[in-house]
Amino acid sequence: GGGERAGEVRAGWSVGPWSNGLETHIGGSRDGRWDVGVGFNRYDVNFDDGSDSTFNEYAPFARFFLVKEEEGGAPVSLSLNAQLFVDDYPAAGDKGKFVQAGATVYKSLKITDNFELQPFPGFAFVAESYTFGGDDADTAQYLTRDFGLHFTTATDAPWIWRATLLEQSFRRETYRALRLAVVRRM
């Protein structure tokens, strides 16, 4: 609900057509409307020429809830989201970054007093720029979509445990992730 402070730590695994990797995240909410944090990810990449590499990604984000689902009030939650992704490759001259901004709708479905499901679809605009081997930057802009499902313990408890199944589609590439999180309400 509104006016809550919380901290979150999350880890997960992502698989896709050209990379697989560990995704970690730390974040917080100051007032129940704003969430901010940063992701630290490490991916193994398989390039088209058959070569492999590993890179780190740093991903600060912000989310603002325009609408919060409430009993007797709004039937869903709606957030605006923005995230910057900066990729750090081991080869000199290789670099990449992209920004993603969009909206997500969440619906809480209380299964028992101690368990909830929260399906969510989201859509975002992405602008990216990648440079490999010192070549000119390749840039692109496109829309992406997310479909996910949170499995969570009671969201009114001091400690909340959450597992998330997520499917993200970027152009013709689809990634799937499993994320586990712990949230501490304060």
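Before we start: helices (H or I, at least four residues) and strands (E, at least two) are DSSP runs, numbered from the N terminus. This is a predicted model, so local features need pLDDT of at least 70 and side-chain atom pairs count only at pLDDT 80 or more, while totals for chains, interfaces and linings use all residues. Residues are numbered from 1 along each chain as its sequence is written, and side-chain values use heavy atoms, with hydrogens and water left out.

**Exercise 1. The loop residue Arg171**

Work out where Arg171 sits, how open it is and what its phi looks like.

Step 1: place it. Arg171 falls in the loop between β10 and β11 (173–185).
Step 2: check its cover. Buried means under 20% relative accessible area, exposed over 50%, partly exposed in between (1.4 Å probe, protein chains only). With 44% relative accessibility, Arg171 is partly exposed.
Step 3: look at the backbone. Phi of Arg171 is near 50 degrees, a positive value in a residue that isn't glycine.

**Exercise 2. The whole chain**

How many helices and strands does the protein chain have, and what are its overall dimensions?

Step 1: count. You get zero helices and eleven strands, in the order β-β-β-β-β-β-β-β-β-β-β along the sequence.
Step 2: test the compactness. The radius of gyration is taken over C-alpha atoms, and the globule rule is 2.2 Å times the number of residues to the power 0.38. The protein chain has a radius of gyration of 18 Å, close to the 16 Å from the globule rule for 186 residues, so it is as compact as a globular protein of that length.
Step 3: get the extents. The C-alpha trace spans about 55 × 25 × 25 Å along its principal axes.
Step 4: add the burial figure. Of the 186 residues, 36% count as buried.
Step 5: look at contact range. Contact means heavy atoms within 4.5 Å. Take the contacts between residues at least 6 apart in sequence: 46% of them join residues at least 24 apart.

**Exercise 3. Aromatic pairs**

Classify the pairs Tyr43–Phe55 and Phe98–Phe170, and say where their members lie.

Step 1: set the rule. A pair of aromatic rings is described by the distance of the centres and the angle of the planes. Here, rings of Phe, Tyr and Trp (its six-membered ring) pair if their centres lie within 6.5 Å; planes under 30 degrees apart count as stacked, over 60 as edge-to-face and the rest as tilted.
Step 2: count. The rule yields twelve aromatic pairs.
Step 3: take Tyr43 and Phe55. They form a tilted pair, 5.5 Å centre to centre with 35 degrees between the planes. Tyr43 is in strand β3 (residues 34–46) and Phe55 in strand β4 (residues 52–67), twelve residues apart, so to speak a link between distant parts of the chain. Both Tyr43 and Phe55 are buried.
Step 4: take Phe98 and Phe170. Their ring centres are 6.3 Å apart and their planes at 80 degrees, so this pair is edge-to-face. It connects strand β6 (residues 95–106), home of Phe98, with strand β10 (residues 159–170), home of Phe170, across 72 residues. Phe98 and Phe170 are buried too.
Step 5: zoom out. Tyr43 and Phe55 also belong to one aromatic cluster, together with Trp18, Tyr89, Tyr130 and Phe132.

**Exercise 4. Phe65 and its surroundings**

Is Phe65 buried or exposed, and which residues does it contact beyond its sequence neighbours?

Step 1: locate it. Phe65 is in strand β4.
Step 2: check the cover. A relative accessible area of 10% makes Phe65 buried.
Step 3: list the contacts. Leaving aside neighbours within four places in sequence, Phe65 is in contact with Gly32, Arg33, Asp35, Ser77, Leu78, Ser79 and Tyr106.
Step 4: compare sequence and space. Phe65 and Ser51 are 14 residues apart along the chain, and their C-alpha atoms are separated by 42 Å.

**Exercise 5. Leu178 and its surroundings**

Which strand holds Leu178, and how far is its C-alpha from that of Leu165?

Step 1: locate it. Leu178 belongs to strand β11.
Step 2: check the cover. Leu178 comes out as partly exposed, at 44% relative accessibility.
Step 3: get the distance. Leu178 and Leu165 are 13 residues apart in sequence and 4.9 Å apart in space, C-alpha to C-alpha.
Step 4: list the contacts. Beyond neighbours within four places in sequence, Leu178 is in contact with Ala11, Gly12, Trp13, Thr164 and Leu165.
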